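Reader: Thanks for sitting down with me. Could you walk me through this model, a pair of residues or a sheet at a time?

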Amino acid sequence: MLLCVSASHKTASFDLLERLSVPTTPVAPLIAAHDECVQGAVVVATCNRFEAYVDMDEPVTAAVAVGVEATLSAIEAATGVPAGELEGSYTVLGGGDVAEHLFSVASGLESVVVGEGEIAGQVRRALTESRQLGTTSGELERLFQRASEAQRGVKNSTAIGRAGRSLVRLGLELADSRIADWSTQRVLLVGTGAYAAATVAALRDQGAEDISVHSPSGRATKFAAKHGLRAVSAETFPAAVAHADLVITCTTSETHVVSAATFAAGRTAAEAAAPASVGCPVDHSGRRLVIDLGLPRNVDPDVATVPGVDLLDLETIRLHAPLEELQATDAARDLVRDAARRFASVGERKNITPAVVALRAHVFGVLDAEVERVRARGDEGGQTEQALRHLVGVLLHTPTTRAHELAESGRGDEYVSALSALFGIEVAPETPASRIADAG
């Protein structure tokens with residue numbers, strides 16, 4: 001069975017999510033190694049959620065409790081956050097709810113900004129990482145592959161993607177009320193990853209022209225050349241921070257890359273260079289803005305104490321996220337629910353397969369014995385055998401169809417019980433190995 005342990009912006013504080021985002025070791029292998037009944041694990045960790053999707057060996061008693069224990073234990077080992085501190089900050093989903101939840105997450109319906117596009121790639125990367133770590137299972141592969149299909153269906157069939165905005169664009173929209181002319185703004189971008197590229201595109205859409213970039217990891221020159229920006233070295237970085245009208249950070253650094261001390265050092269350097277310059281190199285008039293899109297935080301909160309500087313971080317952006325676009329969201333959720341039903345239907349059909357096979361094996365076993373008896377009496381041309389086999393096929397059609405119908409409605413166990421009561425057929429539980437083989 002599948003279960004999901006989810007801590008998101010809807011259930012947990014930003015500080016807690018930040019701590020969960022920087023594990024010292026990958027979490028999925030720790031979950032998978034917790035108990036032999038854990039068949040696999042995939043972890044989706046973004047700036048606003050931490051979710052573990054776990055495949056449990058269903059016949060195990062209290063499988064959900066074991067799966068949750070495995071997840072909380074792994075989180076504590078990898079992040080140092082004890083299970084007690086997580087209490088009340090996560091939810092547990094099981095069965096069919098897991099598929100509907102992941103499909104909603106992948107489609108951007110559970111994001112801070114409903115419809116934002118980054119999450120789809122993050123979900124795909126979570127599966128890829130788990131494959132590399134060797135922690136996926138047949139059912140988890142099927143779950144995440146169907147999630148990507150559901151996301152594409154929502155994107156292509158609804159207006160949710162157009163209604164949704166990324167955190168980058170929402171942050172810039174919040175900044176827009178402070179900026180009269182983007183073309184005059186001196187913008188410093190800190191970071192060179194995928195989010196940085198999206199930020200450059202969003203800045204240019206706003207009309208920004210004066211953009212420079214700094215990379216704590218030393219990749220600024222290459223990124224600047226690719227995107228037509230100016231690279232800022234480590235030596236000139238403090239001065240660039242103090243000189244910028246807008247600083248945007250989006251790195252994966254686990255330490256602060258901008259602080260009040262950075263501004264102080266930059267202004268000191270600028271003032272020291274002032275005698276050799278024409279005019280003041282740093283204009284202290286007007287308010288400056290720092291947008292922190294990093295998780296963990298790239299900017300020390302003490303930046304908010306710097307005179308003339310405003311700090312906008314993910315927590316603040318989340319509070320300003322707009323209300324959902326109801327019509328688009330409702331249509332998207334209908335598609336997600338339909339996709340989740342289809343996912344469950346296929347799963348139920350697979351679960352009922354051993355029972356159908358057992359019934360057919362039982363009936364054809366009886367048939368073969370009767371055919372041998374007829375042959376011993378001299379069945380000329382095999383006509384009796386042919387008639388018997390046709391009769392059995394007709395008789396099995398309805399029980400087979402009913403098996404699938406009951407499975408789709410969640411009543412497959414009734415079918416299995418009926419086989420036992422009527423024919424004495426005991427259906428062996430499906431093994432994890434057979435599930436993986438079937439999924440492939």
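Author: Gladly! This is a predicted model, and a good place to begin is a bridge partner: in strand 8, Leu188 is matched with Val247.

Reader: Which strand pairs with strand 8 there, and over how many bridges?

Author: Strand 8 covers residues 246-249, and its partner covers residues 186-190. The two pair in the parallel sense. The partner is strand 5, and the pairing runs over four bridges.

Reader: What is the strand order of the open sheet with parallel pairing?

Author: That sheet is open and has six strands, with parallel pairing. Strand 7 and strand 10 (309-313) each have a single partner strand, so one side of each is left without a neighbour in the sheet. Reading across, the order is 7-6-5-8-9-10.

Reader: Which helix lies across strand 8, strand 9 and strand 10, and at what angle to strand 9?

Author: The strand used for the angle, strand 9, spans 288-292. The helix lying across these strands is helix 9, and its angle to strand 9 is about 165 degrees.

Reader: Let's turn to the antiparallel sheet. Which strands are at its edges?

Author: Four strands form this open sheet, and their order is 2-3-1-4. An edge strand here pairs on one side only. The edge strands are strand 2 (38-46) and strand 4 (91-94).

Reader: How many bridges join strand 1 to strand 3?

Author: Strand 1 and strand 3 run antiparallel. As one example of who faces whom, Ser6 stands opposite Glu51 in strand 3. The number of bridges joining strand 1 to strand 3 is seven.

Reader: Which helix packs on that sheet?

Author: The helix touches strand 1, strand 2, strand 3 and strand 4. Its direction makes about 135 degrees with that of strand 3. The one you want is helix 3 (residues 63-79).

Reader: On to charges. How many salt bridges does the structure hold?

Author: Side chains of opposite charge can pair when their charged atoms come close. One group is a network that links Asp15, Glu18, Arg297 and Asp313. For the structure, the count of salt bridges is 19.

Reader: How many residues apart are Lys10 and Glu110, which form a salt bridge?

Author: The closest N and O atoms of Lys10 and Glu110 are 2.6 Å apart. Lys10 is in the loop between strand 1 (2-8) and helix 1 (14-20), while Glu110 is in the loop between helix 5 (96-106) and helix 6 (118-133). Along the chain, the two residues are 100 residues apart.

Reader: Is Glu110 buried or exposed?

Author: Its partner Lys10 counts as exposed, at 51% relative accessibility. Glu110 has a relative accessible area of 12%, and the cut-off for buried is under 20%. Glu110 is therefore buried.

Reader: Which helices hold Asp205 and Arg169?

Author: These two form a salt bridge whose closest N and O atoms are 2.9 Å apart. The pair ties together parts that are 36 residues apart in sequence, because Asp205 lies in helix 10 (residues 194-206) and Arg169 in helix 9 (residues 167-176). In short, Asp205 is in helix 10 and Arg169 is in helix 9.

Reader: What is the N to O distance between Asp210 and Arg230?

Author: The side chains of Asp210 and Arg230 meet in a salt bridge. Asp210 is in strand 6 (residues 210-214) and Arg230 in strand 7 (residues 230-231). The N to O distance is 2.8 Å.

Reader: How many aromatic pairs does the structure hold, and why is Tyr53 with Phe144 edge-to-face?

Author: The structure holds two aromatic pairs. The ring planes of Tyr53 and Phe144 are at 85 degrees, with the centres 5.4 Å apart. Planes over 60 degrees apart count as edge-to-face, so at 85 degrees this pair is edge-to-face.

Reader: Are Tyr53 and Phe144 buried or exposed?

Author: Tyr53 has a relative accessible area of 0%, and Phe144 is at 1% relative accessibility. Tyr53 is buried, and Phe144 likewise counts as buried.

Reader: Which residue has its charged end over the ring of Phe343?

Author: The rings of Phe103 and Phe343 have their centres 6.1 Å apart and their planes at 90 degrees, so that pair is edge-to-face. Both Phe103 and Phe343 are buried. The charged end lies 3.8 Å from the centre of the Phe343 ring, and the residue is Arg142.

Definitions and conventions. Residues are numbered from 1 along each chain as its sequence is written. This is a predicted model: local features need pLDDT of at least 70, side-chain atom pairs count only at pLDDT 80 or more; totals for chains, interfaces and linings use all residues. Side-chain values use heavy atoms; hydrogens and water are left out. A salt bridge is a side-chain nitrogen of Lys or Arg within 4 Å of a carboxyl oxygen of Asp or Glu. Buried means under 20% relative accessible area, exposed over 50%, partly exposed in between (1.4 Å probe, protein chains only). Rings of Phe, Tyr and Trp (its six-membered ring) pair if their centres lie within 6.5 Å; planes under 30 degrees apart count as stacked, over 60 as edge-to-face and the rest as tilted. A charge sits over a ring if NZ of Lys or CZ of Arg is within 6 Å of the ring centre and within 35 degrees of the ring normal. Two strands pair if DSSP finds at least two bridges between them. Contact means heavy atoms within 4.5 Å. Axes are lines fitted to C-alpha atoms, for helices over the stretch in contact, and angles run from 0 to 180 degrees between N-to-C directions.
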